[in-house]
Each structure stands twice: as structure tokens, then as C-alpha cells.
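Some of the words used to describe a protein model rest on a value and a cut-off. The questions and answers here follow that reasoning step by step.

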Amino acid sequence: IPQEENPYLYQKIKMRVIDFIGNISRQLEVALYSDEVLLELLIQYFMNERKMNERLDPALINQMKADYPHIYRAVLECLDSLTDEIRCDDYEEITYIVMYLIAAMDRVGPAEKKLSVLIACPGGVAVGQLLASKVRRIFNFHIIGI
């Protein structure tokens with residue numbers, strides 16, 4: 001359903017998807033709200049594509065649940081901000097949402113997946129600064145303080 005055909009429904013779903021993405025981003029500690037592709041895909045999914053999806057293989061659902069339990073948990077906790085049409089035990093629908101989120105996390109890239117560290121050094125500020133420069137050069141860490 002293009003946006004022009006039913007602008008009220010589009011805007012209603014868009015606002016719910018934006019809230020959902022914000023909640024999921026906080027839950028997973030990844031800035032998914034910057035991914036416009038995720039926003040549009042979830043809007044289209046809830047406007048019409050849910051009816052057109054193929055049935056998922058139960059083995060795929062179980063494998064996804066085993067590989068990404070933290071994303072399933074986050075989706076289940078944030079699901080009410082997205083829709084009241086999906087039951088919490090409907091793992092086929094939830095798996096579709098999880099797949100969209102995993103793809104978005106891959107698009108956001110490793111810059112969002114940096115480990116945050118605090119450098120604490122008993123040798124003083126200069127030694128801490130030296131240590132921080134070596135850590136930055138060797139590792140892909142986000143140094144939150146020295």
C-alpha cells in the first residue's frame with residue numbers, strides 16, 4: 001500500500017514503528033533509529049506484507065531463537081509499542097521482525113558495536129593518556145573516560 005493511497009494508516013503505523021525502533025535501540029544499545037531502510041521495511045511489513053509472507057520453517061525459527069535470544073527478548077519487551085495484532089507466542093511473526101533488526105544491525109556496522117571502556121591508571125594522568133592512545137591504536141574500543 002503506497003503512502004499516497006492511505007496516508008492516515010501510513011502515518012499511524014510510521015509513528016508506532018518509530019517508537020518501536022527507539023525502544024529497541026535503547027534495549028539493544030544500538031542506534032537503529034538512524035537506519036531509514038529499517039523504518040520503511042517495518043512500515044511496509046505492517047501495512048501489507050505480513051499477509052504475503054511465506055510460512056517459516058520451524059527449524060529456522062528455532063535456530064534464530066537460539067542464535068539471537070537477546071533480540072527476541074528485546075522484541076517481546078517492546079512489541080506492545082509496535083502492534084497489538086501479534087501475540088507474544090507467535091514466533092513466526094516475531095522472527096520476521098528479528099530478521100529485519102539483524103539486517104539493520106549489520107547495516108549500522110561495527111562503529112555502533114564498539115566496546116565501551118574506562119581507562120584507570122594508578123600512574124597518573126599522563127600514563128593514562130599514553131595507555132589510552134595505545135588502546136585506541138590497537139583495539140576498536142570506545143573510551144568513555146580516562
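**Reading the terms**

Arg73 is found in helix H4, which covers residues 69-82, and the model that shows this is a predicted one.

Q: Why is Arg73 called partly exposed?
A: The relative accessibility of Arg73 is 47%, and the term partly exposed covers what lies between under 20%, which is buried, and over 50%, which is exposed; Arg73 therefore counts as partly exposed.

Q: What makes H3 oblique to H5?
A: Helix H3 (residues 58-67) and helix H5 (residues 91-108) pack at an angle of about 55°, with their axes 10 Å apart. Because angles under 35 degrees count as roughly parallel and those from 65 to 115 as roughly perpendicular, H3 is oblique to H5.

Q: Which residues make the contact of H3 with H5?
A: On the side of H3 they are Ile61, Met64 and Lys65, while H5 contributes Tyr91, Glu92, Thr95, Val98, Met99 and Ile102. Sorted by kind, the residues of this contact divide into 6 nonpolar, 1 polar and 2 charged.

Q: How do you know whether Glu92 is buried or exposed?
A: Glu92, which lies in helix H5, has a relative accessible area of 13%, and since buried means under 20%, Glu92 is buried.

Q: What makes the approach of the side chains of Glu92 and Arg55 a polar contact?
A: The side chains of Glu92 and Arg55 are joined at 2.8 Å, and because a polar contact requires a suitable pair of N or O atoms within 3.5 Å, this distance satisfies the cut-off.

Key: Residues numbered from 1 in each chain as written. Predicted model: local features only at pLDDT ≥ 70, side-chain atom pairs only at ≥ 80, totals over all residues. Heavy atoms only, no water. Axes fitted to C-alpha atoms, helices over the stretch in contact; angles between N-to-C directions. Helix = DSSP H or I, 4+ residues; strand = E, 2+ residues; numbered from the N terminus. Parallel < 35°, antiparallel > 145°, perpendicular 65-115°, else oblique. Contact = heavy atoms within 4.5 Å. Nonpolar A, V, L, I, M, F, W, Y, C, P; charged D, E, K, R; others polar. Buried < 20%, exposed > 50% of the residue type's maximum accessible area, 1.4 Å probe, protein only. Polar contact = N/O pair within 3.5 Å; in protein donor to acceptor, adjacent residues only side chain to side chain.
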